[in-house]
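Q: Could you take a close look at the side-chain pairings in this one, the charged ones and the aromatic ones? I'd like to go through them pair by pair, with a bit of context for where each partner sits.

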Amino acid sequence: MIIKSLKSMNKSRILNLIDLIRFKKDFIWGKDYFAKIENGKVASSILFSRYLASKKVLEIHEFDSQEAELLKDFLNYSTKKKYQYIISKLCESTQINEIEMLRANGFLRLTREYTFNYKDFKTISLDTIPVICDQANKKKVKDLVHLCKNAQPLEFRDYLFHSPKFFKERLDDTYIFYAPKNMEQPLGCAYKLEPEKDLFEFVIPLNQSENFLSFLLVFVDKFIHFEKNESFSFIVNENIDESIIKQLEGKFELESSKQVLIHKTLAKDKVKVLEKLGNKIQIPVTNGQVTNRSKSIHRGELRD
(Lines give C-alpha, C1' and ligand atoms only; values in the text may rest on other atoms or scores of the structure.)
Protein backbone atom coordinates (compact mmCIF):
# COMPACT_ATOMS: atom_id res chain seq x y z
CA MET A 1 0.00 0.00 0.00
CA ILE A 2 2.84 2.41 0.81
CA ILE A 3 4.50 1.80 -2.58
CA LYS A 4 1.21 2.33 -4.37
CA SER A 5 0.68 5.60 -2.48
CA LEU A 6 4.12 6.88 -3.46
CA LYS A 7 3.53 6.01 -7.12
CA SER A 8 0.32 8.00 -7.09
CA MET A 9 2.29 11.03 -5.89
CA ASN A 10 5.09 10.64 -8.40
CA LYS A 11 3.47 11.86 -11.58
CA SER A 12 3.45 14.76 -14.03
CA ARG A 13 0.57 17.22 -13.90
CA ILE A 14 -0.44 20.88 -13.96
CA LEU A 15 0.06 22.69 -10.65
CA ASN A 16 -3.00 24.39 -9.16
CA LEU A 17 -2.99 27.42 -6.85
CA ILE A 18 -2.64 25.28 -3.72
CA ASP A 19 0.29 23.46 -5.34
CA LEU A 20 2.02 26.79 -6.06
CA ILE A 21 1.87 27.69 -2.38
CA ARG A 22 2.79 24.21 -1.20
CA PHE A 23 5.74 23.81 -3.57
CA LYS A 24 6.83 27.48 -3.26
CA LYS A 25 6.47 28.18 -6.99
CA ASP A 26 5.97 31.75 -8.27
CA PHE A 27 2.49 32.74 -9.40
CA ILE A 28 2.94 34.21 -12.89
CA TRP A 29 -0.16 35.83 -14.35
CA GLY A 30 -1.45 34.06 -17.45
CA LYS A 31 1.02 31.18 -17.20
CA ASP A 32 0.86 27.63 -15.79
CA TYR A 33 3.31 25.00 -14.58
CA PHE A 34 3.36 21.41 -15.80
CA ALA A 35 5.53 19.63 -13.23
CA LYS A 36 6.99 16.28 -12.29
CA ILE A 37 6.24 15.50 -8.65
CA GLU A 38 8.63 13.18 -6.82
CA ASN A 39 8.27 12.32 -3.12
CA GLY A 40 6.05 15.32 -2.50
CA LYS A 41 8.36 17.84 -4.21
CA VAL A 42 8.60 19.45 -7.65
CA ALA A 43 11.52 17.71 -9.37
CA SER A 44 11.22 19.65 -12.64
CA SER A 45 8.68 21.83 -14.41
CA ILE A 46 7.61 23.43 -17.69
CA LEU A 47 6.25 26.98 -17.69
CA PHE A 48 3.66 27.49 -20.44
CA SER A 49 0.68 29.59 -21.52
CA ARG A 50 -1.86 29.90 -24.31
CA TYR A 51 -0.13 31.35 -27.35
CA LEU A 52 -1.67 34.68 -28.41
CA ALA A 53 -4.73 33.81 -26.24
CA SER A 54 -5.47 30.95 -28.65
CA LYS A 55 -7.70 28.05 -27.59
CA LYS A 56 -5.70 25.60 -29.71
CA VAL A 57 -2.04 26.60 -29.30
CA LEU A 58 0.31 26.55 -26.29
CA GLU A 59 3.65 28.28 -25.83
CA ILE A 60 6.48 26.83 -23.72
CA HIS A 61 8.44 29.57 -21.95
CA GLU A 62 10.83 27.70 -19.65
CA PHE A 63 11.86 24.06 -19.27
CA ASP A 64 14.78 21.89 -18.18
CA SER A 65 16.81 20.72 -21.18
CA GLN A 66 17.76 17.56 -19.23
CA GLU A 67 14.15 16.46 -18.67
CA ALA A 68 13.16 14.84 -21.96
CA GLU A 69 10.65 12.55 -20.23
CA LEU A 70 8.78 15.49 -18.72
CA LEU A 71 8.60 17.11 -22.16
CA LYS A 72 7.14 13.90 -23.61
CA ASP A 73 4.55 13.83 -20.81
CA PHE A 74 3.66 17.43 -21.64
CA LEU A 75 3.26 16.61 -25.34
CA ASN A 76 0.98 13.70 -24.44
CA TYR A 77 -1.05 15.95 -22.15
CA SER A 78 -1.41 18.56 -24.92
CA THR A 79 -2.53 15.93 -27.42
CA LYS A 80 -5.17 14.56 -25.04
CA LYS A 81 -6.45 18.11 -24.44
CA LYS A 82 -6.65 18.54 -28.25
CA TYR A 83 -4.28 21.49 -28.56
CA GLN A 84 -3.23 21.75 -32.20
CA TYR A 85 0.29 23.16 -31.90
CA ILE A 86 2.97 23.96 -29.33
CA ILE A 87 5.31 26.93 -29.85
CA SER A 88 8.62 27.75 -28.18
CA LYS A 89 10.89 30.76 -28.78
CA LEU A 90 14.51 30.17 -27.86
CA CYS A 91 17.60 32.38 -28.01
CA GLU A 92 20.07 31.06 -30.57
CA SER A 93 23.13 32.16 -28.58
CA THR A 94 22.23 31.02 -25.05
CA GLN A 95 19.68 28.18 -25.43
CA ILE A 96 21.41 25.81 -27.81
CA ASN A 97 20.75 22.74 -25.62
CA GLU A 98 17.07 23.60 -25.38
CA ILE A 99 16.78 24.01 -29.15
CA GLU A 100 18.48 20.64 -29.73
CA MET A 101 16.18 18.94 -27.22
CA LEU A 102 13.00 20.26 -28.83
CA ARG A 103 14.18 19.36 -32.32
CA ALA A 104 15.00 15.84 -31.09
CA ASN A 105 11.39 15.57 -29.91
CA GLY A 106 9.68 16.53 -33.15
CA PHE A 107 9.78 20.34 -33.10
CA LEU A 108 10.54 22.11 -36.39
CA ARG A 109 11.75 25.67 -37.01
CA LEU A 110 8.82 27.89 -37.97
CA THR A 111 10.65 31.20 -38.28
CA ARG A 112 13.27 33.39 -36.64
CA GLU A 113 12.56 36.51 -34.58
CA TYR A 114 14.90 39.50 -34.31
CA THR A 115 14.69 42.02 -31.45
CA PHE A 116 16.24 45.45 -32.04
CA ASN A 117 16.63 48.45 -29.75
CA TYR A 118 15.58 51.77 -31.29
CA LYS A 119 17.40 54.73 -29.70
CA ASP A 120 19.44 57.79 -30.67
CA PHE A 121 16.88 58.50 -33.36
CA LYS A 122 16.75 61.62 -35.48
CA THR A 123 13.67 63.55 -36.50
CA ILE A 124 12.93 63.10 -40.19
CA SER A 125 10.35 64.43 -42.61
CA LEU A 126 7.44 62.05 -43.21
CA ASP A 127 6.16 63.94 -46.24
CA THR A 128 7.50 61.35 -48.70
CA ILE A 129 6.44 58.24 -46.76
CA PRO A 130 3.24 56.71 -48.23
CA VAL A 131 2.03 55.26 -44.92
CA ILE A 132 0.17 56.61 -41.89
CA CYS A 133 -0.07 55.24 -38.35
CA ASP A 134 -3.16 55.26 -36.14
CA GLN A 135 -4.08 53.80 -32.76
CA ALA A 136 -6.40 50.79 -32.76
CA ASN A 137 -9.97 50.77 -31.45
CA LYS A 138 -12.72 48.18 -30.89
CA LYS A 139 -14.03 48.56 -34.42
CA LYS A 140 -10.67 47.44 -35.80
CA VAL A 141 -10.31 44.17 -33.86
CA LYS A 142 -11.77 42.02 -36.65
CA ASP A 143 -9.45 43.71 -39.18
CA LEU A 144 -6.45 43.08 -36.94
CA VAL A 145 -7.27 39.37 -36.61
CA HIS A 146 -7.65 39.08 -40.40
CA LEU A 147 -4.35 40.90 -40.87
CA CYS A 148 -2.55 38.52 -38.52
CA LYS A 149 -3.96 35.46 -40.26
CA ASN A 150 -2.48 36.70 -43.53
CA ALA A 151 0.88 37.24 -41.81
CA GLN A 152 1.11 33.52 -40.94
CA PRO A 153 2.51 30.78 -43.20
CA LEU A 154 -0.40 29.31 -45.16
CA GLU A 155 -0.18 25.92 -43.47
CA PHE A 156 -0.74 27.46 -40.02
CA ARG A 157 -3.38 30.11 -40.67
CA ASP A 158 -6.07 27.98 -39.03
CA TYR A 159 -4.70 28.52 -35.48
CA LEU A 160 -1.48 30.60 -35.41
CA PHE A 161 -3.04 34.03 -35.32
CA HIS A 162 -3.83 36.60 -32.63
CA SER A 163 -7.30 36.03 -31.16
CA PRO A 164 -9.84 38.89 -30.78
CA LYS A 165 -9.34 38.65 -27.00
CA PHE A 166 -5.61 39.26 -27.47
CA PHE A 167 -6.19 42.60 -29.20
CA LYS A 168 -9.10 43.69 -27.01
CA GLU A 169 -6.72 43.62 -24.04
CA ARG A 170 -4.13 45.76 -25.88
CA LEU A 171 -6.09 48.39 -27.81
CA ASP A 172 -4.31 51.29 -26.09
CA ASP A 173 -0.96 49.83 -27.11
CA THR A 174 -1.75 48.66 -30.64
CA TYR A 175 -0.99 50.75 -33.73
CA ILE A 176 -2.19 50.13 -37.29
CA PHE A 177 -0.54 51.14 -40.57
CA TYR A 178 -2.58 52.28 -43.58
CA ALA A 179 -2.11 53.73 -47.02
CA PRO A 180 -3.28 57.39 -46.75
CA LYS A 181 -6.11 56.93 -49.25
CA ASN A 182 -7.40 53.64 -47.84
CA MET A 183 -8.10 53.72 -44.11
CA GLU A 184 -10.32 50.64 -44.36
CA GLN A 185 -7.55 48.17 -45.22
CA PRO A 186 -4.74 47.73 -42.62
CA LEU A 187 -1.31 47.01 -44.10
CA GLY A 188 0.32 45.94 -40.84
CA CYS A 189 0.33 46.60 -37.12
CA ALA A 190 2.53 46.87 -34.03
CA TYR A 191 1.51 46.06 -30.48
CA LYS A 192 3.14 46.17 -27.04
CA LEU A 193 3.89 42.69 -25.75
CA GLU A 194 3.82 43.53 -22.04
CA PRO A 195 2.32 46.62 -20.33
CA GLU A 196 5.43 47.39 -18.26
CA LYS A 197 7.95 47.06 -21.13
CA ASP A 198 8.38 49.25 -24.22
CA LEU A 199 8.76 46.19 -26.46
CA PHE A 200 6.64 46.10 -29.61
CA GLU A 201 6.09 43.27 -32.05
CA PHE A 202 5.45 44.20 -35.68
CA VAL A 203 3.03 42.01 -37.63
CA ILE A 204 3.70 42.45 -41.34
CA PRO A 205 2.25 40.22 -44.10
CA LEU A 206 4.82 38.95 -46.57
CA ASN A 207 3.46 41.14 -49.39
CA GLN A 208 4.12 44.26 -47.26
CA SER A 209 7.71 43.36 -46.37
CA GLU A 210 9.24 46.06 -48.57
CA ASN A 211 7.25 48.72 -46.68
CA PHE A 212 8.58 47.81 -43.24
CA LEU A 213 10.97 50.74 -42.89
CA SER A 214 8.09 53.10 -43.69
CA PHE A 215 5.99 51.41 -40.99
CA LEU A 216 8.84 51.79 -38.52
CA LEU A 217 9.37 55.49 -39.26
CA VAL A 218 5.71 56.47 -38.89
CA PHE A 219 5.54 54.39 -35.72
CA VAL A 220 8.54 56.29 -34.33
CA ASP A 221 6.79 59.57 -35.10
CA LYS A 222 3.62 58.38 -33.34
CA PHE A 223 5.12 56.59 -30.35
CA ILE A 224 8.20 58.69 -29.60
CA HIS A 225 7.51 62.18 -30.90
CA PHE A 226 3.75 62.32 -30.29
CA GLU A 227 3.53 60.21 -27.11
CA LYS A 228 6.86 61.54 -25.76
CA ASN A 229 8.60 58.21 -25.16
CA GLU A 230 12.38 58.08 -25.28
CA SER A 231 13.14 54.68 -26.82
CA PHE A 232 11.72 51.23 -27.41
CA SER A 233 12.61 47.77 -28.68
CA PHE A 234 10.88 46.07 -31.59
CA ILE A 235 10.51 42.53 -32.91
CA VAL A 236 10.35 41.44 -36.53
CA ASN A 237 10.45 37.95 -38.02
CA GLU A 238 11.58 36.38 -41.26
CA ASN A 239 8.54 37.69 -43.12
CA ILE A 240 10.71 40.77 -43.52
CA ASP A 241 13.04 40.65 -46.53
CA GLU A 242 16.61 39.63 -45.66
CA SER A 243 18.01 42.85 -47.15
CA ILE A 244 15.86 44.89 -44.73
CA ILE A 245 17.07 42.80 -41.79
CA LYS A 246 20.63 43.67 -42.80
CA GLN A 247 19.72 47.36 -42.91
CA LEU A 248 18.25 47.13 -39.42
CA GLU A 249 21.38 45.38 -38.14
CA GLY A 250 23.45 48.28 -39.49
CA LYS A 251 21.32 50.95 -37.77
CA PHE A 252 20.15 49.44 -34.48
CA GLU A 253 21.47 47.25 -31.70
CA LEU A 254 20.44 43.60 -32.16
CA GLU A 255 19.31 42.49 -28.69
CA SER A 256 18.51 38.89 -29.56
CA SER A 257 17.82 36.41 -32.33
CA LYS A 258 15.35 33.66 -31.47
CA GLN A 259 14.30 30.48 -33.20
CA VAL A 260 10.56 29.93 -33.16
CA LEU A 261 9.98 26.18 -33.00
CA ILE A 262 6.64 24.46 -33.56
CA HIS A 263 5.28 21.00 -32.79
CA LYS A 264 2.07 19.70 -34.32
CA THR A 265 0.28 17.64 -31.68
CA LEU A 266 -2.78 16.74 -33.75
CA ALA A 267 -3.13 15.83 -37.42
CA LYS A 268 -5.74 17.88 -39.24
CA ASP A 269 -8.90 15.84 -39.71
CA LYS A 270 -10.29 16.51 -43.18
CA VAL A 271 -13.48 14.65 -42.34
CA LYS A 272 -14.23 16.94 -39.40
CA VAL A 273 -13.54 19.98 -41.56
CA LEU A 274 -16.15 18.78 -44.06
CA GLU A 275 -18.60 17.94 -41.30
CA LYS A 276 -18.19 21.44 -39.90
CA LEU A 277 -19.15 22.83 -43.30
CA GLY A 278 -22.34 20.80 -43.23
CA ASN A 279 -21.17 17.87 -45.38
CA LYS A 280 -22.63 19.62 -48.41
CA ILE A 281 -20.76 18.98 -51.63
CA GLN A 282 -21.79 20.08 -55.08
CA ILE A 283 -22.48 16.89 -57.04
CA PRO A 284 -22.70 17.03 -60.87
CA VAL A 285 -25.96 15.73 -62.39
CA THR A 286 -26.69 14.56 -65.91
CA ASN A 287 -28.09 17.83 -67.26
CA GLY A 288 -24.88 19.70 -66.48
CA GLN A 289 -26.23 21.47 -63.39
CA VAL A 290 -25.07 20.93 -59.82
CA THR A 291 -26.90 20.03 -56.65
CA ASN A 292 -26.12 20.77 -53.01
CA ARG A 293 -27.63 17.47 -51.90
CA SER A 294 -25.94 16.33 -48.67
CA LYS A 295 -23.59 13.42 -48.94
CA SER A 296 -22.32 11.35 -46.03
CA ILE A 297 -18.54 11.36 -45.86
CA HIS A 298 -16.81 8.23 -44.64
CA ARG A 299 -13.21 8.19 -43.48
CA GLY A 300 -12.18 5.67 -46.10
CA GLU A 301 -13.16 8.06 -48.92
CA LEU A 302 -10.48 10.66 -48.14
CA ARG A 303 -6.75 10.39 -48.71
CA ASP A 304 -3.92 12.73 -47.72
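A: Sure, let's start with a charged pair: E69 and K72 form a salt bridge, with 3.8 Å between the closest N and O atoms. Both belong to helix α3 (residues 68–80), and because they are three residues apart there, about one helical turn separates them. K72 counts as partly exposed, at 37% relative accessibility. Keep in mind that this is a predicted model. In total, the structure holds 14 salt bridges.

Next up is R170, which has two things going on. Its side chain meets that of E169 in a salt bridge, 4.0 Å from N to O. The two partners differ in burial: R170 is buried, with a relative accessible area of 19%, whereas E169 is exposed at 55%. The cut-off for buried is under 20%, so the 19% of R170 falls on the buried side. The charged end of R170 also sits over the ring of F166, 3.8 Å from the ring centre. There's another arrangement of this kind at K149, whose charged end sits over the ring of F161, 4.5 Å from its centre.

Then there's D173 with K192, a salt bridge whose closest N and O atoms are 4.0 Å apart. This pair links distant parts of the chain: D173 is in the loop between α6 (164–168) and β8 (174–178), K192 is in strand β9 (residues 188–192), and their positions lie 19 residues apart in the numbering. D173 is partly exposed, with a relative accessible area of 25%, while K192 is buried at 11%.

Salt bridges can also join up into something bigger than a pair. Here E92, R109, R112 and E238 are linked in a network of them.

Now for the rings. The structure holds 27 aromatic pairs. Take F219 and F232: their ring centres are 5.1 Å apart and their planes stand at 75 degrees, so this is an edge-to-face pair. The cut-off for that label is over 60 degrees. F219 comes from helix α7 (residues 212–226) and F232 from strand β11 (residues 232–237), so to speak a helix-to-strand link between distant parts of the chain, with the two residues 13 apart. Both ends are covered up: F219 counts as buried at 0% relative accessibility, and F232 is buried too, with a relative accessible area of 2%.

Strand β11 turns up again in another pair, F234 with F252. Their ring centres are 5.7 Å apart and the planes are at 85 degrees, so this pair is edge-to-face as well. F234 sits in strand β11, and F252 in the loop between α8 (242–251) and β12 (253–264), 18 residues apart, which again links distant parts of the chain. F234 is buried, with a relative accessible area of 0%, and F252 counts as buried at 14%.

For contrast, here's a part where nonpolar side chains face outward. L17, I21, F27 and W29 make a nonpolar surface patch of about 570 Å². W29 is placed in the loop between α2 (17–22) and β2 (32–38), and at 72% relative accessibility it counts as exposed.

L108 is another exposed nonpolar residue, with a relative accessible area of 57%. It lies in strand β6 (residues 108–118). Leaving out residues up to four places away in sequence, L108 touches R103, V260, L261 and I262. As for Q259, its C-alpha atom is 9.7 Å from that of L108, though the two residues are 151 apart along the chain.

Zooming out to put all that in context: the chain has nine helices and 14 strands. Of its 304 residues, 42% are buried. Among contacts with a separation of 6 or more, 64% are between residues 24 or more positions apart. The chain exposes about 18,400 Å², and carbon and sulfur atoms supply 50% of that.

Terms used. Residues numbered from 1 in each chain as written. Predicted model: local features only at pLDDT ≥ 70, side-chain atom pairs only at ≥ 80, totals over all residues. Heavy atoms only, no water. Helix = DSSP H or I, 4+ residues; strand = E, 2+ residues; numbered from the N terminus. Buried < 20%, exposed > 50% of the residue type's maximum accessible area, 1.4 Å probe, protein only. Patch = residues over 30% accessible without salt bridge, like charges linked within 9 Å, V, L, I, M, F, W, Y side chains within 5 Å. Areas by Shrake-Rupley, 256 points an atom, 1.4 Å probe, with all protein chains shown as cover. Phe/Tyr/Trp six-rings, centres within 6.5 Å; stacked < 30°, edge-to-face > 60°. Lys NZ or Arg CZ within 6 Å of the ring centre and 35° of its normal. Contact = heavy atoms within 4.5 Å.
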